[in-house]
Amino acid sequence: MNYLSSIYKINPKINFNNYRYIRYYSQLGPQLPKCNFNAKNNKPKLSATDIESIHKLNLNPCLKPWYRKPVVIKQGYMQYVWDNDNKRYLDMFGGIVTTSIGHCHPKLVEETTKQLSKLWHTSSIYYNEEIHEYAKALAEKLPDSLNNIFFCNSGSEANDIAILMARLYTKSYDIISLRNAYHGDSLSTQPLCGVQSWKFPIPLHFGVHHSTNADPYSGRYGGSNCRDSIVQTTRHCECALNECNACDRYIEDFQQLFDSTLPKKICGFIAESIQGVGGVVQFPKDFLKRAYHLVRQRHGVCIADEVQTGFGRTGTHFWGFEGHGVVPDIVTMAKSIGNGFPLAAVATTSEIAKTLTEASYFNTFGGNPLASCVGLNVLKIIEDENLQNNSHKMGTKLLRDLQKLRDNYPDIVGDVRGKGLMIGVELTSDTKLRKPMIKSDFDEILENCRDMGLLIGRGGPNGNVFRVKPPMCINEEDIDFTINVLQKAFDLHKEKIVKKQ
Ligand SMILES: Cc1ncc(COP(=O)(O)O)c(C=O)c1O
């Protein structure tokens, strides 16, 4: 039973087809923070039924909405979106970790509009100012050695290029990835992924070796001091100070790949700094550093996939890898880089970058003047509005509040983890056994949050992790609202369980 149907039980005379009632009754739930933006209440061009039938007929069925009654979004402004009924939502998932500075950020709209009437596209056969200004500004954000940038259009494409360069540079083929990783859906990134639900039954590129995922919560090894987070797991831990048994065991597994299936020389290793699609999994603190060391001993290059963790999201650093104390050889980025504009990039050393000249390599749209204008202004806004610092401050508050929620709902919340505004909340049906909450229960909680005006992500191999990765401009009131909604949704879930017994 979702939130609205539970209200219906209180007063069965309510006609929920009437939107006025929905608005009135959803006001009984937590109140959304005030917002001065006025979304125009224009009549939608398409009815919900039209949208549904076009979706079924003309769009690929892999594009599945998350909600039973899909949300049709018509307007966005900073951390909020409005649906076709003019209902406002707090967007705590940012279009899958992509809306970094806020929907339709006025400054970005202004600068992009100017560029729209100046120059959109030229292609790389001519020079333009925009890509040069942007490449310089982006390189300044990276370690000095990674000053060479190739622009493209998506995260999958960025990882394709990274792997191509790594293979050409090392003249080796074998690459290590982690189970539970997600690196994209192109034909060369699919084999890197370690989440079963993303696997098609087709032959994929060989030469990818998956190591055990270093997951201190669900993995075989883990304790209560492994993660670089203010919230740790509730697992028992006997490690002394500066010791991490879990990290040692996961590195042993990693080492076993070298001792068993890998040739003496390898191409490299790719990892996210915090796994995103896999459910916001943080590795034990030294894991990446030690893994990089082993890879480099075998002449491999290390690729940091910063598609979700880059651009200040983790709060303490601009790039997630900085939090692990490593400097990669190649960094891939997308999503937050363009605040929703199709833009991505691969940064590397000039030596590795040179490999792409061994044959012709070209990308029609990558870094065109419009894309470069968007990218440059996103960078400027992150800096001008101190959004990395806001991620840190708001992320810290949110993590602390979620930790309290975990302690108050021990039968529902198994784990809270993350850094900055890259947060995971794992729901369980048996917390002691870390048994994932069943899908129908999770869906109902997600649906109830939606009814109350909160959009939030889901992920993890069992689809039972809330992914909280909002635009980095959220404030304390947004956090209080999020916590109140989750609390209400958990209460409704508990009531249902009690009634069933
Ligand atoms: C870590 C990571 N890498 C790569 C990708 C692929 O990016 P795209 O969907 O832009 O191809 C994603 C997408 O979710 C991602 O989360």
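These are my notebook entries on the overall form, the nonpolar cores and one surface patch of a predicted model.

**Overall form.** I began with the chain as a whole and found that its secondary structure comes to 14 helices and 16 strands. I then looked up the radius of gyration, which is 23 Å for the 501 residues, and this agrees with the value near 23 Å that a compact globule would have. Along the principal axes, the C-alpha atoms fill a box of roughly 70 × 60 × 45 Å. For contacts with a separation of 6 or more, I noted that 72% join residues 24 or more positions apart.

**Burial and cores.** I read that 55% of the 501 residues are buried, while the chain exposes about 23400 Å², of which carbon and sulfur atoms supply 53%. Turning inward, I found that the largest nonpolar core has 56 residues, and that Leu138, Phe254, Phe269, Phe287, Phe311 and Met333 have the most contacts inside it. A second core, separate from that one, has 41 residues, including Ala39, Trp82, Ile474 and Ala489. I went back to Met333 and, leaving aside residues up to four places away in sequence, listed its contacts, among them Leu138, Leu142, Phe311, Trp319 and Glu306.

**Surface patch.** On the outside I noted a nonpolar patch of about 310 Å², made by Leu187, Phe200 and Ile202. I located Ile202 in the loop between strand S5 (175-178) and strand S6 (208-211). Why can Ile202 count towards a patch? Its relative accessible area is 41%, so Ile202, though only partly exposed, passes the patch cut-off of over 30%.

Key: Residues are numbered from 1 along each chain as its sequence is written. This is a predicted model: local features need pLDDT of at least 70, side-chain atom pairs count only at pLDDT 80 or more; totals for chains, interfaces and linings use all residues. Side-chain values use heavy atoms; hydrogens and water are left out. Patches are made of residues with over 30% relative accessible area and no salt bridge: like charges are joined within 9 Å, nonpolar side chains (Val, Leu, Ile, Met, Phe, Trp, Tyr) within 5 Å. Accessible areas come from the Shrake-Rupley method with a 1.4 Å probe; for residues, only the protein chains shown count as cover. A salt bridge is a side-chain nitrogen of Lys or Arg within 4 Å of a carboxyl oxygen of Asp or Glu. Helices (H or I, at least four residues) and strands (E, at least two) are DSSP runs, numbered from the N terminus. Buried means under 20% relative accessible area, exposed over 50%, partly exposed in between (1.4 Å probe, protein chains only). A nonpolar core is a set of buried Ala, Val, Leu, Ile, Met, Phe, Trp, Tyr and Cys residues joined through side-chain atoms within 4.5 Å. Contact means heavy atoms within 4.5 Å. The radius of gyration is taken over C-alpha atoms; the globule rule is 2.2 Å times the number of residues to the power 0.38.
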